[in-house]
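Subject: Structure for your review

Dear colleague,

Please find below the structure that I am handing over to you, with its sequence. My findings follow directly after it.

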Amino acid sequence: MTNHQRLFSGEIVMQVLVFQHEPFEGLGAMAPWLKAQGAQVRILPQFEPHDEVLPDPESLDLIVLLGGPMSVHETTIHPWLLGEKRYIRQALDKGRPMLGVCLGAQLIAEQLGAAISKNQHGEIGWWPIHWTDEAHTIWPQAKSPTRVYHWHGETFDLPKGAERLATSAACANQGFRYGECVVGLQFHLEMTKGTVEDLIIHGGHELVTAPFIADENTQLHEPASSYLQNQALMAELLGFLTKSCRSD
């Protein structure tokens, strides 16, 4: 048993903290995976005023930082970003397993000293990525190209000491692994048809004519096989972070 896991009815219960930045950007396909593991998931809605006391990162088996339309630099508009950044730094210092998706990846990268800036291209919709050799540490069977879902206008530089996981035609840094147990993904493996529909409803004004921005109709008619492949990759990643990175 590790010192950051709790016993419940004689069984170890996985403790997960989720930072949610918008009501329409939730766990998606991560939710059923965590439920199947019997995880105790605490979701922190950053879009609502709250004064919750955050748990010591040592008590957690996984920290998840979800996406959002805001920039990591918008701390005046979204002052809660300051506290979240401090917590991320604390979790990094304590070596806790952490997954950042899109905005979440940018927040981790920034706390590792990397610059966050506007990407040359907006990237929205289903576009292929190419995996690096390092990615096979997490996804041994992953093959390039793989179609994954994107919705971002900014990007991160690769943090010092991190390994690049993937790249795309529109964005050089699509993911990184830092140390043993921290992963940031610019793209979204957690998508379901419902979460894609929600993003389009709330962010449809961003669907302009551009080389790497797919229109609504194209996005909504992506075959089910893409969702299944992405969700399998996410399950593999969550398994890696919660099992392979577990302390003895």
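A salt bridge joins the side chains of K85 and E110, with 2.9 Å between N and O; please note that the model is a predicted one. K85 belongs to helix α2 (residues 80–93) and E110 to helix α3, so that the contact links distant parts of the chain, 25 residues apart. Both K85 and E110 are buried. In total, seven salt bridges were counted.

Helix α3 (residues 103–111), which supplies E110 to that pair, is mostly covered, with nine of its nine residues buried. Among the buried residues are the charged partner E110 itself as well as L103, L107, I108 and Q111. After α3 comes G113, which has a positive phi, near 90 degrees.

Two further salt bridges deserve a description. In one of them, the side chains of R177 and E134 meet at 3.2 Å, N to O. R177 is in strand β10 (residues 175–178), while E134 is in the loop between β7 and β8; the two are 43 residues apart, and the pair links distant parts of the chain. R177 has a relative accessibility of 8% and therefore counts as buried, whereas E134, with a relative accessible area of 21%, is partly exposed. The cut-off matters here, because buried means under 20% relative accessible area. E134 and R177 also take part, together with E180, in a network of salt bridges.

The other pair is R147 and E222, whose closest N and O atoms are 2.9 Å apart. Because R147 lies in strand β8 and E222 in the loop between α5 (216–220) and α6 (224–244), this salt bridge ties together parts that are 75 residues apart in sequence. R147 is partly exposed, at a relative accessible area of 35%; E222, at 6% relative accessibility, counts as buried.

Strand β8 (residues 146–156), in which R147 lies, is largely enclosed by the rest of the structure, because eight of its 11 residues are buried. Strand β7 (residues 116–131) pairs with β8 in the antiparallel sense, over 10 bridges. One residue pair to locate in this arrangement is I116 with its bridge partner in β8, F156.

Strand β8 also has a part in the largest pocket, to whose lining it gives the most, namely four residues. The volume of this pocket is about 360 Å³. Its lining comprises 19 residues, and those nearest the centre of the pocket are G68, P69, M70, W151 and E206. Two or more lining residues come from each of α3, β8 and α4 (193–203). Divided by class, the lining of the largest pocket contains seven nonpolar, nine polar and three charged residues.

As to enclosed space, the search of the whole structure found two cavities of 30 Å³ or more. The largest cavity holds about 70 Å³ of space. It is lined by F24, E25, G26, L66, G67, H188, E190, M191, T195 and L199. By class, this lining consists of four nonpolar, four polar and two charged residues.

I turn next to the nonpolar interior. The largest nonpolar core has 35 residues, of which L99, W131, W139, L185 and L237 touch the most other members. The elements that contribute two or more residues to this core are β3 (15–20), α1 (30–36), β5 (62–65), β6 (98–101), β7, β9 (162–167), β11 (182–185) and α6. Helix α6 provides the largest share of the core, with six residues. As general background, nonpolar side chains tend to be buried together in soluble globular proteins.

Finally, a residue of helix α4 may be of interest to you: I201 lies in that helix. With 64% relative accessibility, I201 counts as exposed. The C-alpha atoms of I201 and E216 are 9.6 Å apart in space, and the two residues are 15 apart in sequence.

With kind regards

Conventions: Residues are numbered from 1 along each chain as its sequence is written. This is a predicted model: local features need pLDDT of at least 70, side-chain atom pairs count only at pLDDT 80 or more; totals for chains, interfaces and linings use all residues. Side-chain values use heavy atoms; hydrogens and water are left out. On a 1 Å grid over the protein atoms alone, a cavity is a set of points where a 1.4 Å probe fits but cannot get out, and a pocket is an open set with protein on both sides within 12 Å along at least five of seven lines; lining residues have an atom within 4 Å of a point. Grid points are joined across faces, edges and corners, and a volume is the space filled by probe spheres set on the points. Ala, Val, Leu, Ile, Met, Phe, Trp, Tyr, Cys and Pro count as nonpolar, Asp, Glu, Lys and Arg as charged, and the others, Gly among them, as polar. Buried means under 20% relative accessible area, exposed over 50%, partly exposed in between (1.4 Å probe, protein chains only). Two strands pair if DSSP finds at least two bridges between them. A salt bridge is a side-chain nitrogen of Lys or Arg within 4 Å of a carboxyl oxygen of Asp or Glu. A nonpolar core is a set of buried Ala, Val, Leu, Ile, Met, Phe, Trp, Tyr and Cys residues joined through side-chain atoms within 4.5 Å.
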